[in-house]
Amino acid sequence: MATQILMPALSPTMEEGTLAKWLVKEGDSVASGDVLAEIETDKATMEFEAVDEGVIGKIMVEEGTEGVKVNDPIAVLLEEGEDASAAEDAAGGAETTAEPAPTGAPEEDARERPEAKDMPAEGKERPSPASARAPDRTPDWPEGTATKEVTVREALRDAMAEEMRRDEDVFVMGEEVAEYNGAYKVTQGLLDEFGDRRVIDTPITEHGFAGIGVGAAFGGLRPVVEFMTFNFAMQAMDQIVNSAAKTLYMSGGQMGCPIVFRGPNGAAARVGAQHSQDFAAFYAQIPGLKVAMPYSASDAKGLLKSAIRDPNPVIFLENEILYGQGFEVPDLDDFTVPFGKARIWREGSDLTIVSFGIGMKYALQAAEELAKEGVEAEVIDLRTLRPMDLPTVIESVKKTNRCITIEEGFPVASVGGHVASQIMQQAFDYLDAPVITLAGKDVPMPYAANLEKLALVTVAEVMEAAKAVTYR
Amino acid sequence: MRRDNDVLEGMYRLMSLTRALDRVVGAHDGHWHGLEGEEAVAAAVYYGLREGDTVAPHYRGAITAALAKGADLGRMMAGCLGKTDAYHLGRHRSDVCGPPEHGIIGLYGGSLGPPLGYACGAALSHVMDGDGDIALAVFGDGTSSRGDCHEAMNMAAIKALPVVFVCQNNQIAISTPAPDGNGGPIFERARGFGMPGARVDGNDVLKVRAAMDEAIARAREGGGPTLIEARTYRVAGHFVSDAEDYRDAAEIAAWRDRDPVARYRAFLIEEGVMDAAAMDALDAKLVAEVDAAFTAAQDGAVPDPGDLMPEDVFA
């Protein structure tokens, strides 16, 4: 049966375009996937492929025609054996096939997007609490606040010191946190100020001090337990996952566990497979645990202060490589950053890059490089993974229609995988490309320097992914 | 120990209550971890604690611990059955997890060992709060093999925490006899950790109580932790449904003859503290109370499906 081939829509909001060039002529046999024509809009050119096999019976719109409306018939496809008269009938509109929009379609200005209420997916009666909340766009600190450059290491120390001054119940415990000032010098000066009653050195005993920390939190204190690295926290999984996270719920609300487990997480430099892993997705999976993974010093400080005040157990994931990095931190007496509020580091309309922790380094570097090439990326730092600020991500994706996620953790069941699934569920109709989730490679971290680099995310990979989702 | 008739009677009451729980709950629940043979340890260890003291009990005796600390019997029975009146709202079993509001840290982690650390943490919070309260960590010979046990004891000794470790050594971990689970006497580890340690006859409630009095006083006075190994015997199976084809019936019978309850009754009669009729009457009364509470719990409401409440996961 002869069918009409219709002018394709390259995106949900495209209304018309130019039929730039025909790559077939009447009488040509085509197979599914053959390029039939080139379609142009003011933003892009794309190849238009055949969906079915057949013979081009009639070309109804000459090449070079501008302003061809979407879904107008542009040609007639005959089945094998049909003659031209069938084409004439079909051209009259007897039978039409709406060609689906092909994949790989860069397109028009996102601001032309219809309001969310017009989008079919939004019309469904489906609980979607995350997207129901409007993103919180208040700045982290008031405009005009003085700032000074502080390293992440100092910011974390300042956060603990300020909270220890504020609340007698706060204490710090872990291996080498007191006399040695921390294996990574994060607890520098705390012993001098607060004494050994509240800055407690422990033996090499993760079961011991994680257990005491959890028990003390059960008892109403606010322990900040430092793991020399989160790799060693694997020893204490029962304390963290089975007890700290679950007891509030299991006890019917009788007993909670206001504790912070903090320390470096993720790859550093050539410390091997067991010492180079990002546990963000691992902990974010557990109901009852809050998870923060700051990138900047202001977030390190503001989030750690919030974590210490939080009535729930918080996994606070730091990064050895970032400890020495300086950032502007507001000069405020009591600066906190709330959990569940992402930070937009850079606004852009061409794609959304979602990351957190050290992944932000690649995100921001790549965004700068992309800007030189005329691609404006919106860069979102999730900052906390539990709770996760999906409304900010969703709103951004509704604007940019493209998204990549970056993390150093393993790729299976990753944070990016969760973000991508939520975008699919909450903003499917806004997507112009599949979300690309960049993660560390699915391999225990090799020791060799060159292999280690390959196992992590690179700026080049981010650039490549950005180009892929923007079809460049 | 003090020859205080209130204490002596109070401990008998806890023994009798423990036996009543075995009889009533054990008849309904094949997973009930019975205490037959070990009642003296439970009674001596959990009797007479302060309201502010924290207890991380052995799962075998956890209800006795909770009741000794003032928990409501009806709500505990509701907890055994996952009913809505339970302290835990039906979210966890009360036979191993007593109510935190009565200072009980249950087996929340679900594996043996971590509660010893939690007891140390509770002890640390008592130190920080300066309230003079202490913590008890009670565990079996099986749990004593766990790294958690060693790490908790080591930390407690280093920090001189007000905690009393009690090993309720019933000489068998499910089917593993203590000699196959412990390389040496458990109480002797105390010396290695740098704390006092003692082994006592766990079938003699007075001996256990004397050791507890000393250890508790030391803890309250800032003298740090103590390890008490109360050697007893698990006459009961690991749980009610246990086929028990792994040990000699003669061995069980021999220990049944050393019944700590009968032994204590003889002592109380001889000392003129309580007579047999009074104890029999108390036994019957407690069985009736537990039975009534259990029956009421059976009739109690199960949680509403709406009580899943994921919002309660976070404070």
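1. In this predicted model, the contact between the two chains draws on 40 residues from chain A and 37 residues from chain B. The area buried between chain A and chain B comes to about 3,200 Å², and carbon and sulfur atoms give 64% of that area. On the side of chain A, the three residues that contribute more than any other three are Tyr249(A), Met250(A) and Gln254(A), which together supply 24% of the area that chain A buries against chain B.

2. It is worth looking at which kinds of pairing occur across this interface. The rule finds zero salt bridges between chain A and chain B, whereas it does find 15 residue pairs in polar contact, with both residues at pLDDT 80 or more.

3. Which elements give two or more residues to the side of chain A that touches chain B? They are strand E12 (199-201), helix H6 (206-218), helix H7 (237-244) and helix H8 (247-250) of chain A. The largest share of that side comes from H6(A), which gives 10 residues. Sorted by class, the side of chain A that touches chain B holds 16 nonpolar residues, 17 polar residues and seven charged residues.

4. Turning to a single helix, H11 of chain A covers residues 359-372, which is 14 residues. Because each residue should add 1.5 Å, the helix should span 20 Å, and the 21 Å between its end C-alpha atoms agrees with that expectation. After H11(A) comes Gly374(A), whose phi is positive, near 85 degrees.

5. Several residues of H11(A) are buried, namely Gly359(A), Met360(A), Tyr362(A), Ala363(A), Leu364(A), Ala366(A), Ala367(A) and Leu370(A). What covers these buried residues includes four strands of chain A, E18 (343-346), E19 (351-355), E20 (377-381) and E22 (403-406), together with helix H15 (459-469) of chain A.

6. A last point concerns Gln277(A), which is found in the loop between strand E14 (260-264) and helix H9 (280-284) of chain A. Is Gln277(A) buried or exposed? Its relative accessible area is 18%, and since the cut-off for being buried is under 20%, Gln277(A) counts as buried. The side chain of Gln277(A) is joined to the side chain of Asn231(A) by a polar contact of 3.2 Å. If neighbours within four places in sequence are left aside, Gln277(A) is in contact with Asn231(A), Asn265(A), Gly266(A), Ala267(A) and Phe410(A).

Notes
Residues numbered from 1 in each chain as written. Chains lettered and ligands numbered in written order. Predicted model: local features only at pLDDT ≥ 70, side-chain atom pairs only at ≥ 80, totals over all residues. Heavy atoms only, no water. Contact = heavy atoms within 4.5 Å. Buried area = accessible area lost by both parts, 1.4 Å probe. Salt bridge = Lys/Arg side-chain N within 4 Å of Asp/Glu carboxyl O. Polar contact = N/O pair within 3.5 Å; in protein donor to acceptor, adjacent residues only side chain to side chain. Nonpolar A, V, L, I, M, F, W, Y, C, P; charged D, E, K, R; others polar. Expected span 1.5 Å × (residues − 1). Buried < 20%, exposed > 50% of the residue type's maximum accessible area, 1.4 Å probe, protein only.
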